Amino acid sequence: MRQVSDDASVFAFRMWWRAWDSSEWLPGSRLLVHVSDSAGVTPEHLSWGTEDGAQSALGFSPDMANCYGHRRAAGGDVVELRGELDGTRDDLEDGAGAGGYEFDTEAEDADGRHPAGRLRLLIDDGDEAPLRWAAWRDQRGNTCSIALRSVSSSGNTDVTDMVTGVWASAEHRHAGEVAVNLVDGTFSKWFAPHSRASLEFRLTRPIEVNRYVLTTANDAPDRDPAAWTLSGSVDGRLWQTLDTRAHQPLTDRHQSRTYRISEPGPHAHYRLDITGNHGSPHLQLAAIRFLTDSGGFIGHRRRAGHGPAAYRGVRAVRAVGAAPLVPLIPAVPAEPVIPAVAAVPAVRESPDTPSAPLPGEVPGVIDPPPAFEDSAPAADITPERPLHRKGTTGTDKGQVTHTVTREPDGSLQVSDGTMSYSLSTPLARWLEQDNTVLTWRQLPIAQGTDLTLCLIDSAGNPRWRESWANTVTTLPPAVPHNHGGPVMGLGSRLRHQSLTSPSGSHTLLHHTDGNLALYCNATHTPVWTTGTSWLGDSWVDLTPRGDLVLRTSCGAPVWQSDTADTDVEQLAVRDDGSLALLHAAGTAVWHTRHHTPCTAAGHTPPRGAVLRRGQTLRNQSLTSADGDTVLHHRAGDGLRLFRTDGIQLWYAPDSRDADAGLTLDDEGFLQIRSDDGTVLAQLAGPGDRLIVVPGGEVRLCAPDGTVLWRQGEYVIDGSDDIVTTSSRMVAPAALSTLLNSLSTPIVRTDFSDDDAWETAWGDITAPRKYHDEDVVLGTTLVAQPDFDGWTGEELATLLSDHEHHVLVMVVDAVTLASPEHPVLVVEVDSEHDQPRSFRATPHALVDVEIQLSIANMDWEDFSESVDPDGVLRTSTGA
C-alpha cells in the first residue's frame with residue numbers, strides 16, 4: 001500500500017467492540033483514518049468493505065474525539081463498534097509507516113472529464129485483507145463513494161489471467177500433471193519427481209503483485225511445499241527476493257492459503273523456488289494465483305449544493321521507492337561488444353501482393369498471413385505470423401503441436417503444448433542471422449533423442465539449440481590446462497570452469513547461463529562480464545590462432561576478443577583485477593580494465609580437483625584430473641556437478657543463496673555457509689578433503705582415502721572383480737552400468753536364447769498408448785553377461801545399498817518363455833527384509849514404471865491388482 005503524505009493528519013482511534021447479546025466492550029484493533037483530496041477531509045461518516053467480505057460503518061463526533069458504528073465480519077457475525085481518538089499523525093511514533101493509497105483523479109461533468117487533484121486514502125482497521133470500496137461524507141456536506149479496481153482488464157484483484165508463460169524445472173508430462181495446470185483455473189495439479197523445484201511465470205507486462213495464493217493438490221500431504229522463496233524480475237535476468245517462507249502447515253486437500261509480499265514491485269516475471277516439503281521425495285500443487293492491490297478506482301462524488309459527478313482515479317507514483325534489485329546474473333558491459341542486431345519490422349511488404357481482390361475475396365478485408373510451417377528465419381516471425389509445427393503421428397497428426405510467436409518486446413514465446421517459455425529479446429535478436437532458419441530437429445539427449453528447437457544454417461548444421469537438464473552436447477577435443485590456475489593456453493577450453501589469479505584475488509568463471517565473468521574475490525562481485533547471461537548452455541575457448549571465443553553449445557561464436565593472428569599465447573587472470581591475452585613475452589595484446597580497489601591478495605583459493613580444510617568454493621570450480629567432471633559454484637545459482645557432455649549429475653538445493661559458498665571447515669565438515677558464517681546446510685563430515693574424481697563423482701574422503709560421502713555417478717575404483725552382498729562376483733564395469741542407470745534399470749538375466757530375447761525386447765519397448773500419447777518404456781537397459789542367472793532379489797539387495805533407484809525390472813527366463821513376456825518388477829527398499837515383487841506385461845509396465853518411480857502411486861496399487869497367476873495386465877493410462 002502507498003504511504004500517505006504528510007500534509008494532513010492521520011486520525012488514530014482506540015477501538016472496542018461488543019456482541020449483540022453482551023454488555024461488555026472488548027478491545028479491538030487500532031483504527032487509522034485519513035482522507036484528503038485538494039484539501040484535508042474531516043469525515044462525519046465513513047463506511048468501507050475489504051476483500052474478505054467484511055463491511056464496517058462509523059459516525060464521528062464533530063471534534064473527532066470519538067466514533068460509533070457497526071461491523072459485519074467476513075464470516076457474517078455482526079458487532080457494535082466504538083472508538084476514542086488516540087492521537088494524530090504528528091504524535092504517533094509509527095504514523096509514518098501507515099499504509100494507504102494515493103490516486104491521481106479526474107471528475108466528469110457536462111463539459112467532459114477534467115483533472116480533480118490527488119486523493120489520499122487510508123483506512124487501516126487491522127484487517128490484512130485489502131480495501132475494496134469506501135464511502136464517506138465530510139463535515140462540509142461533501143460525499144464520495146469509490147470502488148477500487150486492479151490493473152487487470154476486469155478490474156479483479158486476481159491477475160493470474162495475465163500469465164502468458166509458465167516454466168518448471170520438472171513436471172510429469174505423461175500423466176498431464178504439468179506446470180500450466182497451476183494457472184488454468186482447475187484442480188488439475190502440477191507434479192514434480194523431486195523434493196525441490198523451481199517454477200517461473202511470465203506476465204503480459206510488469207505487475208505489482210502484493211499477494212499470492214497456493215492451493216494444495218488432491219492427495220499426499222507430504223508432497224505439499226513447506227519452504228520456498230518467491231522472487232520477481234523485470235526482465236527475467238535480475239531477480240529480487242520478494243518473500244521467503246519456511247515450515248508452512250498446508251495439510252488440508254485443495255486448501256488455499258494467501259501470502260502477503262511486504263515490499264512488492266512491478267515485475268513481469270515471478271519465480272517460486274520450492275526448497276522443501278513435508279517429507280516426500282516429490283512435490284505437487286493444484287494452483288498458484290497472483291493478486292494485486294488497487295490500480296485505480298471508479299465512483300462518484302457530490303460537492304455540497306451540487307449534483308453527483310462521475311469520479312475516477314489511477315494509482316499515483318509510489319511515495320517510497322522499491323527496494324533495489326539483487327543482480328543474481330550480473331550484466332557488466334563487455335569490451336569489446338558485438339554490434340546490436342536491428343529490430344525486426346512489424347510488417348514486411350511483398351512486391352507480389354495484388355492490388356485488386358482475387359476471386360472469392362471481400363474487397364477491403366485483408367486476410368492475415370499464414371503461419372510459417374516447420375521452419376522460418378527468426379527475423380520473419382512476427383505477432384501476426386508465428387512459426388508452427390504439426391504432429392505427424394497418432395492423435396496429433398495434422399494438429400499444431402509446437403509454436404514460436406513474436407512478443408511486443410521482441411522476445412519469442414515458445415510452446416510445445418505442455419510447456420510455454422520465452423526466448424529473451426537479446427537471444428531472439430541473435431537468432432536473426434542471415435541464411436539460417438528456426439526449426440525442430442531430433443537431437444541427442446541423455447537417453448536417445450528428442451524433438452528440439454534449433455537454429456540451422458544453410459548447410460544444415462545447428463548453430464544453436466534449446467537446452468534442458470537432459471541435453472547432451474559433445475564438444476571437440478581441447479588442450480588440457482592447469483584447472484583453476486591463473487592461465488590457459490592455445491586450444492584450451494572453459495565449460496562451467498574457472499581460472500583464478502596467482503594470489504587468489506580474482507577469478508574468471510564461465511556461468512551456466514552463458515555469461516563469462518571476472519570476479520573480485522574480496523567483494524564477491526563481478527568487475528567485468530561478456531553480458532551474455534541470455535545465452536544458456538555454452539563454452540569458451542582460446543583458439544589456436546589466439547582468439548578468445550564464447551560459443552553456443554553448437555559451437556557458433558557469440559562473443560570474441562578479435563585477437564586472431566596477433567601472436568597471442570595464453571589467457572591470464574591477473575592479480576590487478578584484469579583479464580589479459582598475452583604474447584609469449586608477457587605483453588598484453590588485449591585486456592580488460594584494471595580493478596584498482598582489489599590489488600591485495602584475496603583468499604587461499606581451491607585449485608585443480610581438491611577442496612581442502614579451511615577453503616571455500618565460491619564463484620569458482622573444481623575439475624577432475626582428466627578434465628571431464630566439474631563441480632561448479634556461482635552465488636545465486638548454487639552448487640552443481642557436471643559431466644563432460646554437459647549433463648548435470650548433482651545439485652545442492654540449499655546452495656542458491658546469493659551470499660553462500662561451499663566450505664570445508666577447519667574440523668572437516670562440508671557445509672553450505674553464508675558470508676556471515678551462518679551454516680545453511682551441513683552436507684557431511686568430518687573429512688580431510690573434497691575431491692572431484694574422473695567418471696562423474698565428487699567425494700568427501702578421510703585421510704586414508706576412505707569415501708565418507710559421495711554425489712553424482714557412482715565411480716568404482718580399481719579393476720578387480722567385486723564381491724557383492726549376495727556373494728556373487730561382478731566386474732566393476734558391469735556394476736557401474738547398473739548403479740549409474742539414468743532411469744529405472746531393466747536387467748537381462750538370461751542369455752540362453754538370443755532370438756527369444758530379441759522378440760521379448762521388441763515387445764517390451766514397443767510404443768504404448770498412455771493417456772492418449774504414444775509412450776515408450778523409459779528405462780535403462782543393463783544387458784551385461786555378469787548378471788546372467790541373477791535373481792530379482794539379488795539385484796534389489798545390491799541396489800538397496802546405494803539408494804539410486806526405487807525399482808529394478810528383470811527380463812529372466814520366465815519373461816522369455818511366455819508369449820506375454822511378463823517382466824519381473826522388484827522393489828528396492830532397504831527397510832524390507834525380503835524385496836517385494838510382481839510381474840507385469842509390457843502393456844502394464846509403462847504405467848508401473850512411471851507411477852512407482854515418481855511415487856505417484858503406491859506399490860500396493862499395483863501388487864494388489866495382479867491376476868491370480870501374479871501378473872499385472874491392466875494400466876491406469878490405457
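**Figure 1. Ser-741 sits in the loop between α2 and β59 of this predicted model.** The flanking elements are α2, residues 732–739, and β59, residues 745–748. Ser-741 is buried, at a relative accessible area of 7%. A polar atom of its side chain lies 3.1 Å from the backbone oxygen of Thr-737. Leaving aside residues up to four places away in sequence, Ser-741 touches Thr-780, Val-782 and His-805. The view thus shows a loop serine that is buried because its relative accessible area, 7%, falls under the 20% cut-off.

**Figure 2. Helix α3 has a buried side and an exposed face.** The helix spans residues 754–764. Its buried residues are Ala-756, Trp-757, Ala-760, Trp-761 and Ile-764. These five cover an arc of only 125° around the axis, so they lie on the same side of α3. The spacing fits a general rule: an α-helix has 3.6 residues a turn, so residues three or four places apart point the same way. Asp-755, Glu-758 and Thr-759 are exposed, on the face turned away from the buried side. Asp-753 caps the N-terminal end of α3. One of its side-chain oxygens lies 3.1 Å from the backbone nitrogen of Asp-755.

**Figure 3. Strands β47, β48, β49 and β50 form an open sheet.** The four strands follow the order β47-β48-β49-β50, with antiparallel pairing. β47 (621–623) and β50 (648–652) stand at the edges. Each has a single partner strand, so one side of each is left without a neighbour in the sheet. Neighbouring strands are turned by 15° against each other on average, direction ignored. β49, residues 638–642, is joined to β50 by four bridges. Within this pair, Leu-641 has Trp-650 of β50 as its bridge partner.

**Figure 4. β43 and β44 form a hairpin.** β43 covers residues 579–582 and β44 covers residues 588–591. The two strands run antiparallel and are joined by three bridges. Ala-580 has His-591 in β44 as its bridge partner. Five residues lie between the strands. In the turn, Gly-586 has a positive phi of about 95°.

**Figure 5. Strand β16 pairs with both β17 and β19.** β16, residues 225–233, is mostly covered, with nine of its nine residues buried. Eight bridges join β16 to β19 (residues 266–277) in an antiparallel pairing. Here Pro-225 stands opposite Asn-277. β16 is also joined to β17 (residues 240–245), antiparallel again, by five bridges. Leu-230 stands opposite Asp-243 in that pairing. β16 and β17 form a hairpin with six residues between them. Gly-236 in the turn has a positive phi of about 80°.

**Figure 6. Val-209 is a buried residue of strand β15.** The strand runs over residues 197–215. Val-209 has a relative accessible area of 0%. Its C-alpha lies 6.2 Å from that of Pro-264, although the two residues are 55 apart in sequence. Val-209 touches Pro-264 and also Val-159, Ile-261, Gly-265, Tyr-270, Phe-290, Leu-291 and Thr-292. This list does not count residues up to four places away in sequence.

**Figure 7. Cys-554 and Cys-454 are not bonded.** Cys-454 holds the cysteine sulfur closest to that of Cys-554. The gap is 7.3 Å, too far for a bond, because a disulfide needs sulfur atoms within 2.5 Å. Cys-554 is partly exposed, with a relative accessible area of 28%. Elsewhere, Cys-144 counts as buried at 7% relative accessibility. Across the whole structure, the search finds zero disulfides.

**Figure 8. The protein chain holds seven helices and 66 strands.** This view sets the close-ups in context. The chain has 878 residues, and buried residues make up 50% of them. Of its contacts with a separation of 6 or more, 56% are between residues 24 or more positions apart.

Definitions and conventions
Residues numbered from 1 in each chain as written. Predicted model: local features only at pLDDT ≥ 70, side-chain atom pairs only at ≥ 80, totals over all residues. Heavy atoms only, no water. Buried < 20%, exposed > 50% of the residue type's maximum accessible area, 1.4 Å probe, protein only. Arc of directions from axis to C-beta. Polar contact = N/O pair within 3.5 Å; in protein donor to acceptor, adjacent residues only side chain to side chain. Contact = heavy atoms within 4.5 Å. Pairing = 2+ DSSP bridges. Axes fitted to C-alpha atoms, helices over the stretch in contact; angles between N-to-C directions.
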